[in-house]
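Work through the exercises below with the model in view. Try each task before reading its solution.

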Amino acid sequence: DATSEEIKRNYSKLKKGEVYNVASASYGAKIVKASNEHYSPAVLVISPFAPLNMFDGMESARSRKPGHFEEVIVQLAKPSKIHRLEIDFTY
């Protein structure tokens, strides 16, 4: 988790109107709920750092049972109008 000072510093580096990731922990986003953190913590989903290898990404224990699902609920850093949604499945 980023400290409040780190979050303030990250916001201060943004230029007016600049697009940034409101789902990033570096701006104060938080994990509200994760259905499965068996192999890794859900906070990796909102990490501002790219995974270095397979063990550094978000991985759940997938099931092939009908009706099974996994979910991660992210609280955005602040209320925002979403212009783009990007999901990166690297590792």
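**Exercise 1. Place K8 and describe its surroundings.**

Step 1. K8 lies in helix α1. Helices are DSSP runs of H or I with at least four residues, strands are runs of E with at least two, and both are numbered from the N terminus.

Step 2. Before going on, note the ground rules. This is a predicted model, in which local features need pLDDT of at least 70 and side-chain atom pairs count only at pLDDT 80 or more, while totals for chains, interfaces and linings use all residues. Residues are numbered from 1 along each chain as its sequence is written, and side-chain values use heavy atoms, with hydrogens and water left out.

Step 3. Is K8 buried or exposed? K8 counts as exposed because its relative accessibility is 54%. The cut-offs are under 20% relative accessible area for buried, over 50% for exposed, and partly exposed in between, with a 1.4 Å probe and protein chains only.

Step 4. Which side chain meets K8 in a salt bridge? The partner is E5, at 3.9 Å from N to O. A salt bridge here needs a side-chain nitrogen of Lys or Arg within 4 Å of a carboxyl oxygen of Asp or Glu. Side chains of opposite charge can pair when their charged atoms come close.

Step 5. Locate the pair. Both E5 and K8 sit in helix α1, which covers residues 4–12. They are 3 residues apart, about one turn of the helix. E5 counts as partly exposed, because its relative accessibility is 49%.

Step 6. Now look further along the chain. K8 and R84 are 76 residues apart in the chain, and their C-alpha atoms are separated by 23 Å.

**Exercise 2. Lay out the chain as a whole.**

Step 1. Count the elements. The chain has 1 helix and 2 strands. Their order along the sequence is α-β-β.

Step 2. Take the dimensions. Along the principal axes, the C-alpha atoms fill a box of roughly 45 × 25 × 20 Å.

Step 3. How many of the residues count as buried? The share is 16% of the 91 residues.

Step 4. Check the contacts, meaning heavy atoms within 4.5 Å. Take those with a separation of 6 or more: residues 24 or more positions apart account for 50% of them.

**Exercise 3. Find the other salt bridges.**

Step 1. How many salt bridges does the structure hold? There are 3.

Step 2. E71 and K33 form one of them, at 2.8 Å from N to O. E71 lies in the loop between β1 (30–34) and β2, and K33 in strand β1, so the pair ties together parts that are 38 residues apart in sequence.

Step 3. Compare the two residues with the cut-offs. E71 counts as partly exposed because its relative accessibility is 27%. K33 is partly exposed too, at 41%.

Step 4. R84 and E86 also meet in a salt bridge, at 3.2 Å from N to O. Both R84 and E86 are exposed.

**Exercise 4. Examine two serines in loops.**

Step 1. Start with S26. This residue lies in the loop between α1 and β1. S26 counts as buried because its relative accessible area is 14%.

Step 2. What does S26 touch, not counting residues up to four places away in sequence? The list is A2, I7, N10 and P48. From S26 to K8 is 9.5 Å, C-alpha to C-alpha, with their positions 18 residues apart in sequence.

Step 3. Move to S40, in the loop between β1 and β2. S40 counts as buried because its relative accessibility is 5%. Leaving aside neighbours within four places, S40 is in contact with G57, M58 and E59.

**Exercise 5. Find a nonpolar patch on the surface.**

Step 1. Which residues form the patch? They are L76, I82, L85, I87 and F89, with about 590 Å² of accessible area together. Patch residues have over 30% relative accessible area and no salt bridge; nonpolar side chains (Val, Leu, Ile, Met, Phe, Trp, Tyr) are joined within 5 Å, and like charges within 9 Å. Accessible areas come from the Shrake-Rupley method with a 1.4 Å probe, and for residues only the protein chains shown count as cover.

Step 2. Place one member. L76 lies in the segment after β2 (72–75). L76 counts as partly exposed, because its relative accessibility is 31%.
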